[in-house]
Amino acid sequence: MLHPVSDMSDLQAVVYVSTATQLMGVSRLESLLIESRDLNLESGVTGVLLYSDGVFMQYFEGTEAAVQVTYERIRGSRRHKGIVELLNEPVARRSFPDWQMGFAQPARSELLAMSTARWRHMVNEVRDPSATSQGLMLLHSFWKNARR
Ligand SMILES: Cc1cc2nc3c(=O)[nH]c(=O)nc-3n(C[C@H](O)[C@H](O)[C@H](O)COP(=O)(O)O)c2cc1C
């Protein structure tokens, strides 16, 4: 999907981890993804959702306004609790432009590594469009090799 208009405005990215409030079997994961992708198609939000052993980690990006509305909706969901924000920053470009919401189930150790990585940029990197945080590098390399 193209985002000709939205990508001309300010882009924002959010990363968080949370705990599922119910056991997320295949059908519950599927309905969550279908819902989320429909909403993201409307709002131009892209990203990836990871799930392992009752823990969610999500990276999503879009216009500042779209990200704000989406984040409110996500925070309001009763399907998870204990949201810990790892990143909420402007970004120079999209990292997952082709994914309305990609999904993968990493090993617990992989998710742990990504969720404990440094996501925020150092002050001197914020304006550098080529700067990639440790967290984003780990997520990219996981995503490239993930079996989906
Ligand atoms: C782990 C998780 C990821 C979600 N991802 C998105 C998303 O990418 N885009 C979106 O618009 N809503 C997202 N949502 C919100 C759901 O699509 C849905 O609106 C919300 O779960 C409804 O609230 P409820 O779960 O209390 O019924 C997410 C919710 C959860 C729990």
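User: What makes up the shell around the ligand, by residue class?

Analyst: In this predicted model, the shell divides into seven nonpolar, six polar and four charged residues. In total, 17 residues surround the ligand. The closest are N40, R73, S77, R78 and R79.

User: How do you know that S77 makes a polar contact with the ligand?

Analyst: A polar contact is a pair of N or O atoms within 3.5 Å. A polar side-chain atom of S77 lies 2.7 Å from an oxygen atom of the ligand. For R79, a polar side-chain atom lies 2.6 Å from a ligand oxygen atom. S36 has a polar side-chain atom 3.3 Å from a nitrogen atom of the ligand.

User: How much of the ligand's accessible area does the protein cover?

Analyst: On its own, the ligand has 620 Å² of accessible area, and the protein covers 89% of that.

User: Which elements give two or more residues to the shell?

Analyst: They are α1 (26-43), β3 (55-63) and α2 (64-76). The largest share, five residues, comes from α1.

User: Why is α3 called roughly antiparallel to α4?

Analyst: The axes of helix α3 (residues 108-115) and helix α4 (residues 134-145) cross at roughly 150 degrees. Angles over 145 degrees count as roughly antiparallel. Therefore α3 is roughly antiparallel to α4. The two axes come within 8 Å.

User: Which residues make the contact of α3 with α4?

Analyst: From α3 come E110, A113 and M114. From α4 come L138, L139 and F142.

User: What makes one residue of that contact charged and five nonpolar?

Analyst: Glu counts as charged, while Ala, Met, Leu and Phe count as nonpolar. The contact therefore has five nonpolar, no polar and one charged residues.

Notes:
Residues numbered from 1 in each chain as written. Predicted model: local features only at pLDDT ≥ 70, side-chain atom pairs only at ≥ 80, totals over all residues. Heavy atoms only, no water. Near = heavy atom within 4 Å. Polar contact = N/O pair within 3.5 Å; in protein donor to acceptor, adjacent residues only side chain to side chain. Areas by Shrake-Rupley, 256 points an atom, 1.4 Å probe, with all protein chains shown as cover. Helix = DSSP H or I, 4+ residues; strand = E, 2+ residues; numbered from the N terminus. Axes fitted to C-alpha atoms, helices over the stretch in contact; angles between N-to-C directions. Parallel < 35°, antiparallel > 145°, perpendicular 65-115°, else oblique. Contact = heavy atoms within 4.5 Å.
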